[in-house]
Amino acid sequence: VDSVELEPAILDVAKILAPANAAVMENKKVHHLIRDAREVLLATPQRYDVIMSEPSNPYRAGIASMFTVEYYRAAAQRLNEGGVFCQWLQAYEVDPRTVATVYATLTSVFPHVETWELCPFDMLLVASKTPIPYDAARLRDRLKQEPYREAVLKAWRTTELEGVLGHYVAGPQLSRAFARAARGELNT
């Protein structure tokens with residue numbers, strides 16, 4: 001796992017929060033890089049099954065570049081076949097047009113975008129080039145294993161598949177509708 005962080009102080013915070021983050025700073029499978037994630041995606045030859053992007057709020061100075069076609073294309077080029085790109089997006093203190101614009105930009109690169117609720121007003125946009133298959137039996141088995149069981153229990157207070165799926169908000173059809181609204185093709 002490559003973890004790319006722009007601000008070095010965040011690594012110090014991660015050490016302090018070891019009980020909450022499973023001591024990620026001590027995990028030998030995780031490589032911590034202090035760099036700009038956009039530059040890493042553009043320069044690395046590495047390919048990934050999952051790319052997780054958790055930029056700050058889109059209205060903050062310097063963050064808009066993490067919501068651009070260029071950034072999403074760089075991520076798409078680094079994904080393995082069947083890989084997914086996940087982007088955190090807040091839905092509070094952000095106007096609906098901005099949220100729709102993020103959907104429009106993301107769906108211009110990834111035709112399949114799902115929306116998951118992380119907690120009230122925090123969304124996870126899960127983007128892929130092809131539909132994401134879900135196998136209920138496999139997911140139930142995975143939820144019995146660590147670290148998945150504990151992670152889902154901490155995050156969503158469930159260990160059952162139905163509890164996880166309760167956070168699924170919408171599939172690609174809604175994402176495309178938001179994108180059309182941002183382009184002025186629908187009345188919002």
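## A tour from the whole fold to Gln-87

Start with the whole protein: its secondary structure comes to 8 helices and 7 strands. These are DSSP runs, numbered from the N terminus: helices are H or I with at least four residues, strands are E with at least two. This is a predicted model: local features need pLDDT of at least 70, side-chain atom pairs count only at pLDDT 80 or more, and totals for chains, interfaces and linings use all residues. Residues are numbered from 1 along each chain as its sequence is written, and side-chain values use heavy atoms, leaving out hydrogens and water.

Show the C-alpha atoms. They fill a box of roughly 50 × 40 × 35 Å, taken along the principal axes.

Next, select helix H3, residues 69–78. Which of its residues are buried? They are Tyr-71, Tyr-72, Ala-74, Ala-75, Ala-76 and Arg-78. Buried means under 20% relative accessible area, with a 1.4 Å probe and protein chains only. Now add helix H2 (37–43), strand E3 (48–53), E4 and helix H4 (96–109): the buried residues of H3 pack against these.

Move to strand E4, residues 79–90, and pick Gln-87. Is Gln-87 buried or exposed? Gln-87 counts as buried because its relative accessibility is 0%.

Select Tyr-72 again. Its side chain makes a polar contact with the side chain of Gln-87, at 2.6 Å. A polar contact is a pair of N or O atoms within 3.5 Å; within protein, one must be able to donate a hydrogen and the other to accept it, and residues adjacent in sequence count only if both atoms are side-chain atoms.

Finally, show what else Gln-87 touches, including Ser-53, Pro-55, Met-66 and Leu-124. Contact means heavy atoms within 4.5 Å; residues up to four places away in sequence are not counted here.

Notes. Buried means under 20% relative accessible area, exposed over 50%, partly exposed in between (1.4 Å probe, protein chains only).
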